[in-house]
Amino acid sequence: MQLREVVDVVTAEEPPMTRTADDIVAAGRRAERRRRAGFASAGVAGLVVVAVAGAFTLPTLTAERGTTAAPAPAGATTTTGSTRAGWPAAAPFTFTFRGYDAGTLHVQNPIVTSTGYQIASVYSDGHISNDRPVTAEEIGAEGDPVEWKKRAVGGKPTLWAYLTVYRPGVFDPAGIRNARKVTVAGHRAVQANLPVGLDPGKPISEGNKLLAWEYAPDAWAAVTSVSSDPATPSFQDLGGLVGGLKPSRPTPALLPFRVGYLPDGYRPLQTGTHAMPGLSGIAAARAGDHGGATYTRPAAPTSGLTAPYDAVEGGIKDGFHIFVTPARSSNQSPEPGVTKCHPGSDRQVPGDDAAGGGFCNIWNADGTVVLQVSGMGLGNRLPLAELERIARGITVADVRDESTWTPAAQALRP
């Protein structure tokens, strides 16, 4: 599922916890036809999250909801030497900055890594940062859950924003449509308004903004802001983030699992630490998820990017996700100790005889944690039996004890 396919479902009625994956996908597609606006979770499939298809607005997922860096995985590029302002060389799947404040904006610690970037949520004092699951009361309220929350907190505008710090050579500022070249705090920069739902076929929205700047030679950072208030945050507000971005000691992203089997040709693409992988993790940053990863075949490009991989139509052509989440994040009842696989609505891949899609769940012994391997919505060409083999080969750590977790570069390879 790509970014713009998930926008509307996250602001529409949430499917009940008893719905199947097919029901969720169908609900998202109906939502997409009803409207497109805003921004949120991308690429999430199957049972783990309720927002699985649609377009991109603000996340409203259902409620209740010190080791040494390892060598870079095969197929990934590394950077040698040091860069300006003390930015250290670091392998992919490594955090190299920490959260900071800039006026009314507050960058959180990054929780997503990939072969090309790291991502952190950005909050604002004057907005609702809608990256938590909606409550049962909100789901049951008449009308849109996001609007319900907005009314409940005194009418504050909604905001979904994130900072992506790209590795050197990965981001291409020339690829940003209708960008204006500017200088911010002494750094080369570009700024642009983005279309409704981040859909290139839709008109520009004044509330959707991108500001990207060169934080080190050939290395760019970009803040993406989707606000229901066209005036805030302004480009000037976003510019305040430029001076605050500083390097920290490289720290490998930790994952609460290790893979034991991978089909030939699949490479790790992105991770989530205490979050789902990619923009889905940013959209549900406060959902309490444990971790995840996305794989793709062939390896994704590490140059020419203008947005995270799952924000681009066709950015992930053949892949699957791994999710480790609490049972409350699932939209099916816990089945302690059970392994169960489900075919997906996209199992038939056009032009290919292989079966794809579907997902497999493995619940822990007391039903509190679920491991899912999902190919839903990613053009996946793996048979369901292969997804099950991947799932059965994964070892899940103690999700409550980070000392049992593994650096991503090691966890993502058998």
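## The chain as a whole

A residue counts as buried when its relative accessible area is under 20%. In this predicted model, 59% of the 414 residues of the chain meet that description. The surface that the chain exposes comes to about 15600 Å², and carbon and sulfur atoms supply 50% of that area.

As for secondary structure, you will find seven helices and 22 strands along the chain.

## The disulfide

Let's turn to the cysteines. The count comes to one disulfide, formed by cysteine 341 and cysteine 360, with 2.0 Å between their sulfur atoms. The bond links distant parts of the chain: cysteine 341 sits in strand 18 (residues 339–342) and cysteine 360 in strand 19 (residues 359–363), 19 residues apart.

Which hand does this disulfide have? The torsion about the S-S bond of cysteine 341 and cysteine 360 is about 110°, so the disulfide is right-handed.

The two partners are also worth a look for their surroundings. Cysteine 341 has 23% relative accessibility and therefore counts as partly exposed. Cysteine 360 is at 0%, so this residue counts as buried.

## A hairpin to look at

Another spot to visit is the pairing of strand 8 (residues 180–184) with strand 9 (residues 187–195), which runs in the antiparallel sense over five bridges. Within this pair, threonine 183 stands opposite arginine 188 of strand 9.

What do strand 8 and strand 9 form together? They make a hairpin, with two residues between the strands. In the turn, alanine 185 has a positive phi of about 50°.

Note on methods. Residues are numbered from 1 along each chain as its sequence is written. This is a predicted model: local features need pLDDT of at least 70, side-chain atom pairs count only at pLDDT 80 or more; totals for chains, interfaces and linings use all residues. Side-chain values use heavy atoms; hydrogens and water are left out. A disulfide is a pair of cysteine sulfur atoms within 2.5 Å. Helices (H or I, at least four residues) and strands (E, at least two) are DSSP runs, numbered from the N terminus. Buried means under 20% relative accessible area, exposed over 50%, partly exposed in between (1.4 Å probe, protein chains only). Accessible areas come from the Shrake-Rupley method with a 1.4 Å probe; for residues, only the protein chains shown count as cover. Two strands pair if DSSP finds at least two bridges between them.
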